[in-house]
Amino acid sequence: MLTDIEGSTRLWEEYPHDMKHIIVRHDMIVDQLIVEHGGRVIDHAGDGAFAVFEQGDPLGCGVAIQRALQHENWGEIGDLRVRIAIHAGHPRAKRDFRGRLANRTARIMACGWGGQILVTPEATRAFPLPPGALLEDQGEHALKDLDEAQSIQSLTHQSLKWHTFPALRSLSNLPNNLPPQPNRFINRLDELRRIADRLSDPNCRLLTLTGSGGNGKSRLALQSAAEQHEKFPDGIYLVLLSPLSSAASVPTAIADALRLNIYGRDEIVVQLVRHFKHKRMLLILDNFEHVMAATELVIQLLQGAAELKILVTSRQRLGLPEETSYPLEGLPFPQNGGGRELEQCSSMQLFVERARSASLAFSAESEQPNIGRICTLVEGVPLGIELAAAWTRILSC
């Protein structure tokens, strides 16, 4: 279970003195109800709680938390709206709850609204519904993970103040053409943070991820866009440039990606600028090195649409004054080629995950030194790691 106070940053800015006492009271209520319903608090992250229920009644706890918080007098701030997400599964390691399960629960919670309880079918199969509670199917939703859609339900109860909410804030409810990915995104947390900072900077309108082929520029661009989707309410669109034979085809490729009907006598570039003009959108131009002559088009789009941002992946910089360049290297790898612990080395983690996909019999424990050496030999390049891991179907490390 994850909980989070909606709009806490604004509340802290407007009511700094009151929030000190409110957070203490909030934590006391949430922690007590979690324990009463058979769970335990692992941590308080930000202005919320991270709790685990190995048994007990997490769904009833979610209702009880919302009921207690919604009927509490919070003084001048008015309502304290908290969103809750509940997911279920088995951790890979015993009592290691900070993994993919927690990450997915956080993604689900980020879709919700204050006062809402979001649960997954995995949770409702594992634990009984509290008396008087109802489930409302919210459908399948693409989350920031991009690897697979998640079925989400909303848990409501007659004792709660709020029963209707806007559409979930997921990728599925945002205009986009981001493709689902066959595998989950591995690490690169520092890179994601740096790219997020640049995309949040009003002065950065054109960001280029540069690096050699196979370094994971495209995958990082997609994940970065998914992480920032709330900042681009008018959509995020990916344009694949590698299939194009010339720069002259780029405007048509952009229009096709946006499913934009081009008509009339105006040039296609003029119609693109008109479409982007008042929209807060992110345009991803992937593999720009194939169409370097199209830099003039990039300038025209940026000059004609003040809210548009462009994220480029390329083996080289575009060389434009408006450009911010972010050079990308391979994943961190063991410098001595040895068996560094998997938890500390994202290149080794990537190898293990891809090897497990290639061979159900693959075991990483006895192979750590060899895995570390392989990742060192390919210098942490993701494509090299994936190609090597595929051989574990027929070869040992």
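# Contacts and surroundings in the fold

With a relative accessible area of 25%, Cys397 counts as partly exposed, a class that lies between buried (under 20% relative accessible area) and exposed (over 50%), as judged with a 1.4 Å probe and protein chains only. The structure is a predicted model, in which local features need pLDDT of at least 70 and side-chain atom pairs count only at pLDDT 80 or more, while totals for chains, interfaces and linings use all residues. Residues are numbered from 1 along each chain as its sequence is written, and side-chain values use heavy atoms, with hydrogens and water left out.

Cysteines make a convenient starting point. The structure holds zero disulfides, a disulfide being a pair of cysteine sulfur atoms within 2.5 Å. Cys397 is in no such bond, and the nearest cysteine sulfur, which belongs to Cys375, is 9.0 Å away. Cys111, for its part, has a relative accessible area of 3% and is therefore buried.

How many salt bridges does the structure hold? The count comes to 13, where a salt bridge is a side-chain nitrogen of Lys or Arg within 4 Å of a carboxyl oxygen of Asp or Glu. One of them joins the side chains of Asp4 and Arg83, with an N to O distance of 3.0 Å. Asp4 lies in strand β1 (residues 2-5) and Arg83 in strand β4 (residues 82-86), so this pair ties together parts that are 79 residues apart in sequence; helices (H or I, at least four residues) and strands (E, at least two) are DSSP runs, numbered from the N terminus. Both Asp4 and Arg83 are buried.

A further salt bridge is formed by Glu72 and Arg25, whose closest N and O atoms are 3.1 Å apart. Glu72 belongs to the loop between α3 (58-70) and β4, whereas Arg25 is in helix α2 (residues 16-36), so the pair ties together parts that are 47 residues apart in sequence. Glu72 is partly exposed at 27% relative accessibility, and Arg25 is likewise partly exposed, at 33%.

In the salt bridge of Arg315 with Glu289, the closest N and O atoms are 3.8 Å apart. Here a loop meets a loop: Arg315 lies between β11 (309-314) and β12 (323-327), and Glu289 between β10 (282-286) and α10 (295-304), so parts that are 26 residues apart in sequence are tied together. Which of the two classes, buried or exposed, applies to Arg315? Arg315 is exposed, with a relative accessible area of 55%, while its partner Glu289 is buried, with a relative accessible area of 18%. Elsewhere, salt bridges link Glu353, Arg354 and Glu386 in a network.

Charged groups also meet aromatic rings. The charged end of Arg81 sits over the ring of Trp162, 3.8 Å from its centre, the rule being that NZ of Lys or CZ of Arg is within 6 Å of the ring centre and within 35 degrees of the ring normal. Arg169 likewise lies over the face of Trp113, at 3.8 Å from the ring centre.

The backbone offers two residues that have positive phi although they are not glycine. For Arg259 the value is about 55 degrees, and this residue is placed in the loop between α8 (250-257) and α9 (268-276), where its relative accessible area of 77% makes it exposed. For Asn287 phi is about 65 degrees; Asn287 is found in the loop between β10 and α10 and is buried, with a relative accessible area of 18%. The loop between α8 and α9 also contains Ile262, which is partly exposed at 37% relative accessibility. Ile262 and Ala149 are 113 residues apart along the chain, and their C-alpha atoms are separated by 32 Å.

On the surface, Trp391, Ile394 and Leu395 make a nonpolar patch of about 370 Å². Patches consist of residues with over 30% relative accessible area and no salt bridge, with like charges joined within 9 Å and nonpolar side chains (Val, Leu, Ile, Met, Phe, Trp, Tyr) within 5 Å; accessible areas come from the Shrake-Rupley method with a 1.4 Å probe, and for residues only the protein chains shown count as cover. Ile394, one of the patch residues, is found in the segment after α13 (382-390), and at 64% relative accessibility it counts as exposed.
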